[in-house]
Amino acid sequence: MKTTDELTALRREFHMFPETGFHEDRTKARVAGILRGLGMEVHEGAGVVGVLRRGSGNRAIALRADMDALPITETSDHGYVSQYEGVMHACGHDGHMTMLLGAAAQLAEDIGFDGTVVL
């Protein structure tokens, strides 16, 4: 899940099924499933946290993205408009999640670092 076409499809999926803050059940399940598929340790709560450990180093870095949408009605007519009346990703969080998951996929393949990445 890191080709341009795969990432574009994922962003459009997130855009089509937006969820407002603290109601992101579908979104959290999708993100957690992707992170697990990449072999990451996953923790779910109010959000989703993926942990990738490589080597024995004690250095760590965190990367984050928001996943909530806004209570706004989408008036666009492109092929991936929000399917939920009155809710849309007008804030760009669909893109932010996609970029983070693209980075996660790349990092999961990269064995050239020693430490922990928390996403």
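This briefing walks through the fold, the core and a few single residues of one protein chain. The model is predicted: local features need pLDDT of at least 70, side-chain atom pairs count only at pLDDT 80 or more, and totals for chains, interfaces and linings use all residues. Residues are numbered from 1 along each chain as its sequence is written, and side-chain values use heavy atoms, with hydrogens and water left out. The chain holds three helices and four strands. Helices (H or I, at least four residues) and strands (E, at least two) are DSSP runs, numbered from the N terminus.

**Overall fold**

- From start to end, the elements run α-α-β-β-β-α-β.
- The chain has 119 residues and a radius of gyration of 15 Å, which agrees with the value near 14 Å for a compact globule.
- That radius is taken over C-alpha atoms, and the globule rule is 2.2 Å times the number of residues to the power 0.38.
- The C-alpha trace spans about 50 × 30 × 20 Å along its principal axes.
- Take the contacts between residues at least 6 apart in sequence: 65% of them join residues at least 24 apart. A contact means heavy atoms within 4.5 Å.

**Surface and charge**

- Of the 119 residues, 38% are buried. Buried means under 20% relative accessible area, exposed means over 50%, and partly exposed lies in between (1.4 Å probe, protein chains only).
- The accessible surface of the chain is about 6,800 Å², and carbon and sulfur atoms account for 53% of it. These areas come from the Shrake-Rupley method with a 1.4 Å probe; for residues, only the protein chains shown count as cover.
- The chain carries 11 positive and 17 negative charges, and their mean positions are 6 Å apart. Lys and Arg count as positive, Asp and Glu as negative; His and the chain ends are not counted. Each charge is placed at NZ of Lys, CZ of Arg, CG of Asp or CD of Glu.

**The nonpolar core**

- The largest nonpolar core has 20 residues, and Val31, Leu35, Met40, Val48 and Leu101 touch the most other members.
- At least two residues of this core come from each of α1 (4-16), α2 (25-37), β2 (48-54) and α3 (93-109).
- Helix α3 gives the largest share, six residues.
- Such a core is a set of buried Ala, Val, Leu, Ile, Met, Phe, Trp, Tyr and Cys residues joined through side-chain atoms within 4.5 Å.
- Beyond its neighbours within four places in sequence, Val48 is in contact with Lys28, Val31, Ala32, Leu35, Val42, His43, Met67 and Leu119.

**Arginine 30 in helix α2**

- Arg30 sits in helix α2. Arg30 is partly exposed because its relative accessible area is 34%.
- Setting aside residues up to four places away in sequence, Arg30 touches Leu10, Glu13 and Phe14.
- Arg30 and Val48 are 18 residues apart along the chain, and their C-alpha atoms are separated by 10.0 Å.

**Methionine 16 and tyrosine 84**

- Met16 belongs to helix α1, while Tyr84 is in the loop between β3 and α3.
- These two residues are 68 apart along the chain, yet their C-alpha atoms are separated by 7.6 Å.
- Met16 and Gly37 are 21 residues apart in sequence and 22 Å apart in space, C-alpha to C-alpha.
- Leaving out neighbours within four places, Met16 contacts Tyr80, Val81, Ser82, Gln83 and Tyr84.
- With the matching neighbours left out, Tyr84 contacts Met16, Phe17, Pro18, Glu19 and Arg26.
- Tyr84 has a relative accessible area of 31%, so Tyr84 is partly exposed.

**Two exposed loop residues**

- Pro71 lies in the loop between β3 (60-62) and α3. Its relative accessibility is 67%, so Pro71 counts as exposed.
- Pro71 touches Thr20 and Gly86, not counting residues up to four places away in sequence.
- Pro71 and Glu19 are 52 residues apart in sequence but 8.8 Å apart in space, C-alpha to C-alpha.
- Phe22 lies in the loop between α1 and α2. Phe22 counts as exposed because its relative accessibility is 72%.
- Phe22 has a positive phi of about 65°, although it is not a glycine. Most residues other than glycine have a negative phi.
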